[in-house]
Amino acid sequence: MEAVIETRGLTKRFGDRAAVDGVDLLVPAGVAFGFLGPNGAGKTTMIRTLLGLTRPSSGEVLLLGLPQPAKRREALARVGAIVEEPKFHPHLTGRENLKIVAAARDRAAEARIPEALQRVGLAHRGSDRVKTYSLGMRQRLGIARCLLADPALLILDEPMNGLDPAGILEMRHLIRAFVDEGRTVFLSSHLLDEVEKTCDHVAIVDQGRIVVQGAVAEIAESGDPTLLLEVDDLAAARRVLDGHRVDVEGGGLRVSLTNGLGAAELNRALVEAGVAVSRLEPARATLEEKFLAITSRLEGNE
Amino acid sequence: MRLVGAEVLKLVRRRGLMAWSLLLTVGSVLVAEIVLVALHAANSAKHDPAGGAANLEHLVFLLSGLGNVAAIIIGATAGTQDVGNGVFRDLVVTGRKRSTLFNVRVVGALAVFLPMLALGFAVAIGGSFLLAGGLPLPTGADIGRYLAYTVALTAIDVILAVGLAAFTSSRVVVGVLIAWNAIVSHLLIAIGSLGGSRKLIDVAAAEHFAPRHAIDNQLAMSSVTAVLTLVVWAVIFLRAGRWWTNRTDA
């Protein structure tokens, strides 16, 4: 598997506190990769370290297979990035702001400006000063700035922040379109639902460490199976299910099975205990549940 | 060159900065000439014509003093605008060296400032000839020295402002450099007990290029010493600014 981002033992310390703590990250090419974690988990510091905006305390970084910072210029020539919220010179127009960054890139970058503005739907506002832009427009202009590099890799820090539902949908489509073109999109977010809807792969980060990484579906489905039950006697059912994690959900129960117990064995046990089962179905595992399970487990270990 | 062009674009699109800088350079000379013409027209017995060598000297000192403020403002803006607007990190992630991004600020600021200074100087020279009446005209040597003095005094401050701006805000840069040029440096130059060490003051070195009769307390030094002093100041500030730009997080 070709990796566009690879880190080994990457650490960034601020005094005694490790914002990024021994991270081994592998981002495969051609996917939308979500870097998911709560606020303050170290996502932005990780991105800043990857891009050389801040020096790592230790560890190795390879961008597009090129070691950093030794091959920094070669790697970043094919990387577009938005770090934190996209910032611009407010007194310049959108087009002029792109021209500023294009001047720092290769000669072809300036020729890409009209297409980039078109792509993000800002062609008609390109001659307006950026100080008149909404946050959503600035997010899109930030994407246009990334496109000047014709990037193999886009690194987007919380790209959905501040967007309205239509803007979020638009951004999601844009990201998926980039992936369809063969580009890799690495996006950080604390929005579980968005990562699940947008990304193919995910790494869940907490307190500077990666807790789990892999394909979204695999992570969501991993762990104990969960069933949704509707029974005539909730109290009796809970007695039978003692030892399993049981939550009341709606009028029924949500059961996370342990000890390798299957749905059929569970049903039999309930019926033998005199509990009538009117509904039994596997619950669709979501990344959110997995995330909450992981973070609550981590909190429990503290 | 494309980076320099981008730097110039960022500066010239600042309407307020351009308006004030033009006012301080070209505008100040024009206003002074208009006042001199008006005074002469109102009372030619009391007020000489507006041109001639003596008036050129006054206009050059006006241009140098106010042009110096424009130089500092332009340098400070060039040195702080990328970081201040949060755009510096976007330039860094293009893979460009931070030192390159720092260096083009200096070139860009000079490219914006020097044409304004040249225009202001041209207006002063033009006025000194066209409005001379019967007054003595400035010599070529005078004009050469005035030009060297004006450029030395102002261009060095563009460089110092860009270098200093790597460390702090544009307001602090403007305040510190104006205070240095207008007050502190002249106090130091006036302290005779400092002896030859006063030649190390950039303002003293720049004033070396002014005609000898024009400056009070002008220190005697060779042109080589004056140029070396200015170069050392420029190198120190540029190196410090570049070092800090390379060192800090973007």
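1. Two strands count as paired if DSSP finds at least two bridges between them. With that in hand, start at the N-terminal end of this predicted model. Strands S1(A) and S2(A) run antiparallel and are joined by eight bridges. One facing pair to look up is Phe14(A), which stands opposite Arg17(A) in S2(A). The two strands make a hairpin with two residues between them, and Gly15(A), sitting in the turn, has a positive phi of about 70°.

2. Now zoom out to the sheet that holds this hairpin. It is an open sheet of four strands in chain A, ordered S2-S1-S4-S5, and the pairing is antiparallel. Which strands stand at the edges? They are S2 (17–28) and S5 (66–68) of chain A; each has a single partner strand, so one side of each has no neighbour in the sheet. On average, neighbouring strands here are turned by 20° against each other, ignoring direction.

3. S1(A) has another partner to check. Strand S1 (residues 3–14) of chain A pairs with strand S4 (residues 58–63) of chain A over five bridges, in the antiparallel sense. Along that pairing, Thr11(A) faces Ser58(A) of S4(A). Helix H1 (residues 43–50) of chain A packs on the sheet and touches S1, S2 and S4 of chain A. The direction of H1(A) makes about 115° with that of S1(A).

4. Chain A also has an open sheet of six strands. Its order is S6-S7-S8-S3-S9-S10 in chain A, and the pairing is mixed. S6 and S10 of chain A are the edge strands, each pairing on one side only. From one strand to the next, the twist averages 15°. At the S10(A) end, strand S9 (residues 201–206) of chain A pairs with S10(A) in the antiparallel sense over six bridges; there, Ile204(A) stands opposite Val212(A) in S10(A).

5. Two helices to look at on this six-stranded sheet: H6(A) and H7(A). Helix H6 (residues 135–147) of chain A packs against the sheet through S6 and strand S7 (153–157) of chain A, its direction at about 160° to that of S6(A). Helix H7 (residues 165–180) of chain A packs there too, touching strand S3 (32–36), S7 and strand S8 (184–189) of chain A. The angle between the directions of H7(A) and S8(A) is about 150°.

6. Salt bridges next. Side chains of opposite charge can pair when their charged atoms come close. Over all chains, the search finds 21 salt bridges. One of them joins Asp21(A) to Arg209(A), with the closest N and O atoms 3.9 Å apart. I'd keep the cut-off in mind for that pair: the nitrogen has to be within 4 Å of the carboxyl oxygen. Asp21(A) is in strand S2 of chain A and Arg209(A) is in strand S10 (residues 209–215) of chain A, so this pair ties together parts 188 residues apart in sequence.

7. Where do chains A and B meet? Contacts involve 32 residues of chain A and 26 residues of chain B. The area buried between the two chains is about 2700 Å², with carbon and sulfur atoms giving 50% of it. Three salt bridges cross the interface of chain A and chain B; one of the listed pairs is Arg145(A) with Asp90(B), whose closest N and O atoms are 3.1 Å apart. Across the interface there are also 16 residue pairs in polar contact, both residues at pLDDT 80 or more.

8. What does chain A bring to that interface? Helix H2 (72–76), strand S6 (79–82) and helix H3 (94–104) of chain A each supply at least two residues of the side that touches chain B. The largest share, six residues, comes from H3(A). By class, this side of chain A has 15 nonpolar, four polar and 13 charged residues.

9. Last, two bits of backbone to inspect. Most residues other than glycine have a negative phi, and most peptide bonds are trans. The peptide bond from Gln68(A) to Pro69(A) is cis, with omega near 5°; Pro69(A) is in the loop between S5 and H2 of chain A. Glu84(A), though not a glycine, has a positive phi of about 55°. Look for Glu84(A) in the loop between S6 and H3 of chain A.

Note on methods. Residues numbered from 1 in each chain as written. Chains lettered and ligands numbered in written order. Heavy atoms only, no water. Contact = heavy atoms within 4.5 Å. Buried area = accessible area lost by both parts, 1.4 Å probe. Salt bridge = Lys/Arg side-chain N within 4 Å of Asp/Glu carboxyl O. Polar contact = N/O pair within 3.5 Å; in protein donor to acceptor, adjacent residues only side chain to side chain. Nonpolar A, V, L, I, M, F, W, Y, C, P; charged D, E, K, R; others polar. Axes fitted to C-alpha atoms, helices over the stretch in contact; angles between N-to-C directions.
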